[in-house]
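Visitor: Please choose a single part of this chain and take me through it closely, and then set it in the context of the whole chain.

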Amino acid sequence: MGNYNLTCCSTADLSKKYFEERDIKVVFFHFSLNGVEYPDDMGESVPPKELFNRMNSGEETKTSQVTVGEYIDFFEPMLKEGKDILHVTLSSGISGTLNSAQIAQKQLLGMYPERKIYVVDSLGASSGYGLLMDALADKRDEGMGIDDLNRWAIDNRLRLNHWFYSTDLTFYIRGGRVNKVAGAVGNVLGICPLLNVDFEGKLIPREKIRGKKKVMKRNLEMMIE
């Protein structure tokens, strides 16, 4: 498997058990509920059911990315063990975490010049990002070295298609992505936005479709195309 670690952010949305089984090390994003911050530790601090119930009850929610200091604390023990690192981040089109990881990379390479640290922008998110990590773990387990795996990740990251939809505009309204009036009307009419992640890693609304069955059908059509 090579003398390196494959790592990613918790926003790849795989389970803790899965990350452990695939030997993928994870650095946590953060979220807050009514001003109290928690690590995005795959439901250990706040179980998913509790999180969704609290969000649905109207608690204020925010997310925050991994800081430069947290990246240094995450990477450095691996370097001290004599391990190189291939880290894949959440899309730069969605978050600034790539920049934080690159700053940490530069600082640590100055301290450990004999080691390699690659930082790759996934240009993806959530399950699509997770699928990329799964494919990278397969390649690593087949014996691919870190240099080739870094190139493979960059060459193949855009082969993933991220298409999804939402049946509730509530959190788009709370987050300011949809104004209150348009959101209220959209919810009454059953408007379901169909979105995807483009080749720059940005989240793009594509169509507004009325009804869950219709948007599910259209989502499948776009995935096939």
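Guide: Two residues are in contact when heavy atoms of theirs lie within 4.5 Å. By that criterion, 64% of the contacts in the chain with a separation of 6 or more are made by residues 24 or more positions apart. The model is a predicted one, in which local features need pLDDT of at least 70 and side-chain atom pairs count only at pLDDT 80 or more, while totals for chains, interfaces and linings use all residues. Residues are numbered from 1 along each chain as its sequence is written, and side-chain values use heavy atoms, with hydrogens and water left out.

The part I have chosen is helix α6, which runs over residues 146-156; helices (H or I, at least four residues) and strands (E, at least two) are DSSP runs numbered from the N terminus. Ile-146, Leu-149, Asn-150, Ala-153 and Asn-156 of this helix are buried, where buried stands for under 20% relative accessible area, exposed for over 50%, and partly exposed for values in between, with a 1.4 Å probe and protein chains only. Viewed down the axis of α6, these buried residues fall within an arc of 150°, so they line one face of the helix; the arc is that of the directions from the helix axis to the C-beta atoms. The buried residues of α6 pack against the strands β1 (4-9), β6 (84-89) and β7 (117-121), and also against helix α5 (126-141).

Within α6, Asn-150 deserves a look of its own. Asn-150 has a relative accessible area of 11% and is buried, and, when residues up to four places away in sequence are not counted, Asn-150 touches Leu-86, Tyr-118 and Val-120.

Two loops that adjoin partners of α6 can be followed from here. In the loop between β7 and α5, Leu-123 has a positive phi of about 55° although this residue is not a glycine, and at 11% relative accessibility Leu-123 counts as buried. In the loop between β6 and α4 (97-111), Ser-91 is buried at 0% relative accessibility. Leaving aside neighbours within four places in sequence, Ser-91 is in contact with Asp-121, Ser-122, Leu-123, Gly-124, Glu-200 and Gly-201, and Leu-123 is thus one of the residues that Ser-91 contacts.

Helix α2 (48-56) offers a second example of a helix with a buried side. Its buried residues are Leu-51, Arg-54 and Met-55. Seen down the axis of α2, these residues fall within an arc of 100°, so they line one face of the helix, whereas the face turned away from the buried side carries the exposed residues Lys-49 and Asn-56. Gly-58, with a positive phi near 105°, follows α2. In the loop between β4 (36-39) and α2 lies Met-42, a residue that is not a glycine but has a positive phi of about 60°; at 26% relative accessibility, Met-42 counts as partly exposed.

As for the whole chain, there are nine helices and ten strands. Along its principal axes the C-alpha trace spans about 60 × 45 × 30 Å, and of the 225 residues, 43% count as buried.
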